[in-house]
Structure formats: structure tokens, C-alpha cells
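Student: Could you show me how to read a structure like this one, feature by feature?
Tutor: Gladly. Have a look first, and then ask away.

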2 protein chains.
Amino acid sequence: MPFREKLVSAIAARGSLLCVGLDPEIARLPAPLPRTPDGALRLNLAVIEATADLACAYKPNLAFYEALGREGYDVLRATLGAIPRDVPVIGDAKRGDIGNTARQYAAALFDDLGFDAVTVNPYLGGDAVEPFLAYADRGVLVVCRTSNPGAAEIQDLPVVDDGTTVPLYEVVARRVQRWNRDGNAGLVVGATAPTELDRIREIAPDLPILVPGIGAQAGDLAAAVRADRPGAPAIISASRTIMFAGSGLDFAAAAHRAARELRDAIRQARSG
Amino acid sequence: MPFREKLVSAIAARGSLLCVGLDPEIARLPAPLPRTPDGALRLNLAVIEATADLACAYKPNLAFYEALGREGYDVLRATLGAIPRDVPVIGDAKRGDIGNTARQYAAALFDDLGFDAVTVNPYLGGDAVEPFLAYADRGVLVVCRTSNPGAAEIQDLPVVDDGTTVPLYEVVARRVQRWNRDGNAGLVVGATAPTELDRIREIAPDLPILVPGIGAQAGDLAAAVRADRPGAPAIISASRTIMFAGSGLDFAAAAHRAARELRDAIRQARSG
């Protein structure tokens with residue numbers, strides 16, 4: 001099933017816009033788990049089980065698996081195998097390279113690992129994003145305005161485009177609108193930048209937007225929810241707040257509670 | 001040994017600015033090799049042996065290993081193990097993510113895989129590059145102006161910075177100068193953009209510059225050589241022209257010949 005349909009179905013089935021990030025940082029594993037790749041996998045499996053009825057999507061960030069070395073691939077595979085089949089999985093990879101190389105990344109992420117969607121970087125231009133977009137049934141979420149403190153340094157630079165001066169992230173949003181020939185593109189916009197998120201939603205009214213930065217990064221939940229549109233969802237993502245909600249024996253129950261609270265806060269903001 | 005010293009030593013020892021890209025695309029493997037991860041490794045080992053006296057650096061692009069799936073990691077490891085220890089290895093990864101995640105990528109690339117240098121993407125800003133720069137003995141080559149046909153779409157956008165309007169890639173070059181507190185930063189600028197390369201060298205007189213795009217992408221060799229400075233080398237990189245110089249039984253000899261010709265063409269341009 002194409003990414004967007006699968007996402008919209010999962011949102012409807014669970015009544016949730018919450019995406020759970022699966023970033024098993026070894027140094028932060030709950031005390032009962034060994035600080036090993038196996039411990040990372042056990043945390044992932046517990047978090048998936050504890051949130052299976054609450055998450056409209058899962059989002060493993062590849063960095064946390066690559067940091068595990070040789071065993072990272074197997075941990076990622078086993079993690080993907082445990083995710084309910086009706087829930088889309090976003091590979092947070094933020095790849096960006098020239099066309100010939102981008103095709104290899106797309107093959108790795110879509111053909112080999114089977115992600116429903118991936119995140120990519122816009123800096124190399126449309127021809128570097130095209131090999132991902134060529135997979136018409138997969139989602140391609142282009143990094144637009146990120147949630148980190150230094151995001152503004154490059155992304156907010158004033159750019160002259162079509163006769164007006166706008167921040168670079170606005171130009172990126174405009175370009176992604178143009179690149180989106182098959183309707184499978186989307187954007188990544190951090191919840192820590194609510195004004196920018198509102199503006200980007202105006203520019204791109206019908207693109208799904210992945211909104212990280214809720215939770216540990218203290219993003220603006222109301223702004224994230226405001227970006228939600230029928231058929232073009234806001235995918236509101238939290239990782240550390242859920243993964244590391246508990247540091248002791250209760251880590252799975254704590255993850256469930258943290259995810260439920262976030263899902264409910266999102267629900268309340270949607271109906272309020 | 002810090003990346004820059006190791007690089008300068010290897011350049012002096014071999015009288016060569018040639019960096020050999022190790023991108024073993026399965027679909028293009030020479031006929032005598034099986035189109036499998038093992039075939040990819042055998043090509044890499046043959047190319048390394050055939051170019052060991054000609055290359056001042058090697059540059060595996062991670063995409064080609066990730067596309068091999070589970071076995072890609074072992075192919076990369078075995079490849080790294082075959083590279084002469086006095087030659088620096090650049091992990092062409094173009095990673096870019098927020099600080100917490102960038103630290104994981106840096107751990108994967110520097111601690112686990114042991115690269116002497118990596119390529120990174122500037123779009124997320126200085127705090128996303130900082131976790132790489134924190135490894136003071138490793139090189140961090142920031143993507144500035146790339147070699148693909150669509151590079152201009154984002155990188156050439158006119159940006160207002162410090163009161164003047166300049167292309168975005170110039171602002172990136174300026175920022176990398178600023179981020180470079182420990183002297184371990186560098187840039188990536190494609191040889192297909194000779195005017196831009198000249199301009200970037202003016203802005204950043206003392207940064208090493210990785211210059212891909214020679215060979216298959218038909219970049220400007222004279223411009224690449226013009227960017228070379230004592231202590232701040234131009235690392236002139238070719239991949240496909242060398243890896244796939246021969247498609248039959250002679251592939252190793254053909255790779256040697258192609259690398260020697262490129263090394264000599266660079267030498268001639270340097271002395272000319």
C-alpha cells in the first residue's frame with residue numbers, strides 16, 4: 001500500500017498522530033538491560049509492544065543502529081520485523097548525494113530494508129532527491145526546517161527567490177512542491193519552530209509533514225497539531241521521551257504511559 | 001596521526017593528489033566477478049592493490065556498501081583492512097542530523113569504522129557538524145558545491161549575508177571557516193564547477209578541499225589542481241573511471257592504467 005494511504009489508515013485506526021522514534025542509544029538503556037546491541041533490541045521490542053496501539057508510525061533513526069557496528073544491521077532488521085504490518089515505518093536517514101549514489105541509498109532503504117518512507121536532505125538539489133521519489137509508493141520526507149538550536153544558521157538565511165526575499169527553508173518547501181510529481185513527497189519541520197511550521201504549511205498545503213521535536217526537545221504541540229490536514233497529516237514524532245521514560249524495571253510500562261499521554265495531549269489539541 | 005598530516009605525508013610520499021573512490025556498484029562489476037557482495041569486495045581489493053602506489057587517499061562512499069544489505073558492513077571492513085596504513089581513508093557519508101544523532105554517526109564512522117575523515121552536510125547548521133569536528137584528529141569535509149547537474153538549484157541560490165548577496169555555497173564556505181576551531185575542517189567542491197571552486201578557494205585559503213567529479217563526471221582537472229595549496233591540498237577524486245576502467249579479465253590492470261594516467265595528468269597540470 002502506498003505510504004500516504006497506509007499512514008492515513010493507521011492514523012484513523014488508532015486515532016493517533018503520534019509517531020514513535022526508535023533510537024536505542026546504548027548509553028541511556030534502562031538499568032535492567034545490558035548495554036549491548038542485544039540490550040538495544042530488547043528495548044526496541046518492548047517499546048514497540050508497549051505502543052503498538054498508540055503509534056500511527058515508527059521512525060528508527062539509522063544513526064543509532066550504525067553506532068552499534070556490525071550488529072546494528074541485525075538489530076534494525078529484528079526491530080522492523082516486530083512492527084505491526086499495518087503501521088508505516090519511516091527510515092530517518094537524512095541521506096543526500098548525487099543521483100548515481102542516491103540510487104544506491106534508495107535501494108538500501110527501500111529495496112533491502114523495506115521502509116515505507118525515508119527522510120532526505122535537500123542541499124544537493126532535485127536530481128539528488130529524484131531517485132527516492134522514483135519509488136512512487138514510498139514516502140520521501142525532505143528536511144526543511146529542523147528542530148536543533150543551530151537550525152537557523154543555514155535554513156533561515158534570507159534568499160532572493162521569485163523576486164521576494166524569504167528564508168531558505170521557504171525556498172526548500174517551494175521546491176519540494178515542484179519536485180512532488182507523483183504525490184509521494186513530504187517535509188520535515190521541527191516543532192521547536194512553530195512560526196516557521198505555520199508558514200511552511202501555507203506554502204505546502206497538501207504535503208504530509210513529519211514534525212519531530214516534541215518531548216525532549218520541548219517543541220510546540222499546538223503548532224504541530226495545527227499543521228495537520230485531512231490527507232496531509234502532521235506526523236508528530238517523539239523518541240527519547242518515550243524510549244527512556246523509565247530507567248528501571250518499569251521501562252516498558254513507562255514507555256506505554258508516556259506514549260499514551262502524548263497521544264492524548266495530541267487528541268485534546270486536535271479537538272480543542 | 002591527524003588527518004591533515006597523514007594526507008600531506010601521503011601526497012608527498014606518492015607525488016600524487018589522486019584520491020581513488022571505492023564505489024563497487026554491483027550492476028557494473030567486471031564480467032569475471034560474481035555480482036555479489038563477494039564480487040564487490042574482490043573488485044575493491046584488486047583496485048586497492050593496483051593503485052596502492054598512486055593514491056594519496058581512498059574514499060569509499062557508504063551508499064554502495066549499504067546497498068549490499070547485511071553483508072555490506074563486512075565488505076566495507078575488509079576493504080578498509082586492505083588499504084595501506086599510511087594512506088588516509090575518507091568515509092564519504094554526507095551525514096547531517098541534529099547534535100544528539102550526529103554524535104552517533106560520528107561514533108559509527110570514527111570510532112567503529114575508523115575513518116581518517118568523513119564528508120558531512122551543512123544544511124542543519126554548525127551544531128550538527130560540531131560532533132564530528134570534536135574529533136580533533138579526524139578530518140571533517142563539509143559539502144559546499146557539489147558536482148551533480150542539479151547542484152545549482154539550492155547551492156547557487158542568492159543569499160544576503162553580511163550585507164552582500166552571494167550564492168549559498170559561498171555562505172557555507174564562510175561558515176565552515178568559522179566552525180573550524182581545531183583546524184580539522186575542509187570542504188567538498190565538485191570539479192564540474194570550476195568558477196565556483198576558484199571562488200571558494202579565495203574564501204577558504206587554508207582548508208583542504210575534496211574535489212570529486214573528475215573522470216566520469218568530466219570535471220575540470222586544471223581548476224581542481226589550481227585549488228591545491230601547500231598544507232591545504234586539493235584531494236582530486238575519481239571513482240568510476242578507475243573502478244570500471246576494464247570490464248573483462250584485465251580489470252585490475254585497467255584500473256592501474258587509468259589511475260596512473262590521472263595521476264600523471266594531475267602532475268602535468270601542477271607543473272604546467
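The dialogue below goes through symmetry, contact surface, sheet, core and a few local details.

Tutor: One point before we begin: this is a predicted model.

Student: What rotation and what shift superpose chain A on chain B?

Tutor: The general idea is that two copies of a chain are related by a rotation about an axis and a shift along it. Here the rotation is 180° and the shift along its axis is 0.0 Å, with an RMSD of 0.0 Å. The two copies are therefore related as by a two-fold rotation axis. To place that axis in chain A, look for A:Val159, whose C-alpha is the nearest to it at 2.2 Å. Both copies use the same surface, since 100% of the contact residues of chain A recur in chain B.

Student: Which elements of chain A supply the side that touches chain B?

Tutor: Chain A and chain B each bring 46 residues to the contact. In chain A, at least two residues each come from α3 (62–66), α5 (99–112), α6 (126–133), α7 (152–155), β6 (158–161) and α8 (168–179). Helix α5(A) gives the largest share, 7 residues. By character, this side of chain A has 22 nonpolar, 15 polar and 9 charged residues.

Student: Now the sheet. In what order do the strands of chain B run, and is the pairing parallel or antiparallel?

Tutor: In general, strands of a sheet pair through backbone hydrogen bonds, either parallel or antiparallel. In chain B, 8 strands make an open sheet with parallel pairing, in the order β2-β1-β10-β9-β8-β5-β4-β3. The edges are β2 (57–60) and β3 (90–95) of chain B, each with a single partner strand, so one side of each has no neighbour in the sheet. From one strand to the next, the twist averages 30°.

Student: Which residue of β2(B) is the bridge partner of B:Gly21?

Tutor: That partner is B:Lys59. Strand β1 (residues 18–22) of chain B pairs with β2(B) over 4 bridges, in the parallel sense. Another parallel pair with 4 bridges is β4(B) and β5(B), where B:Val118 faces B:Val140 of β5(B).

Student: Which strands does helix α6 of chain B touch?

Tutor: Helix α6 (residues 126–133) packs on the sheet and touches β4 (117–120), β5 (139–145) and β8 (185–189) of chain B. The direction of α6(B) makes about 150° with that of β5(B). As for β5(B), 7 of its 7 residues are buried, so this strand is largely enclosed by the rest of the structure.

Student: How many residues does the largest nonpolar core have?

Tutor: In soluble globular proteins, nonpolar side chains tend to be buried together. The largest core in this model has 209 residues, and those with the most contacts inside it are A:Leu18, A:Val142, A:Leu187, B:Val142 and B:Leu187. Take A:Leu187: its contacts beyond four places in sequence include A:Leu141, A:Val142, A:Ala173 and A:Ile200.

Student: Is B:Glu196 buried or exposed?

Tutor: The cut-off for buried is 20 or more other C-beta atoms within 10 Å. B:Glu196 has 23, so this residue is buried. B:Glu196 sits in helix α9 (residues 194–203) of chain B, and apart from neighbours within four places in sequence, B:Glu196 contacts B:Arg145, B:Tyr169 and B:Val189. B:Tyr169 is 27 residues away along the chain, yet the two C-alpha atoms are 8.5 Å apart.

Student: And which residue takes a positive phi in the hairpin of β6(B) and β7(B)?

Tutor: B:Asp162 does, near 55°, in a hairpin with 2 residues between the strands. Strands β6(B) and β7(B) pair in the antiparallel sense over 4 bridges, with B:Asp161 opposite B:Thr164.

Note on methods
Residues are numbered from 1 along each chain as its sequence is written. Chains are lettered from A and ligands numbered from 1 in the order in which they are written. This is a predicted model: local features need pLDDT of at least 70, side-chain atom pairs count only at pLDDT 80 or more; totals for chains, interfaces and linings use all residues. Copies are superposed by least squares on the C-alpha atoms of residues with pLDDT of at least 70 in both. Two residues are in contact if their C-beta atoms, placed from the backbone, lie within 7 Å. A nonpolar core is a set of buried Ala, Val, Leu, Ile, Met, Phe, Trp, Tyr and Cys residues joined through C-beta atoms within 7 Å. A residue is buried if 20 or more other C-beta atoms lie within 10 Å of its own, exposed if 12 or fewer, and partly exposed in between; C-beta atoms are placed from the backbone. Ala, Val, Leu, Ile, Met, Phe, Trp, Tyr, Cys and Pro count as nonpolar, Asp, Glu, Lys and Arg as charged, and the others, Gly among them, as polar. Two strands pair if DSSP finds at least two bridges between them. Axes are lines fitted to C-alpha atoms, for helices over the stretch in contact, and angles run from 0 to 180 degrees between N-to-C directions.
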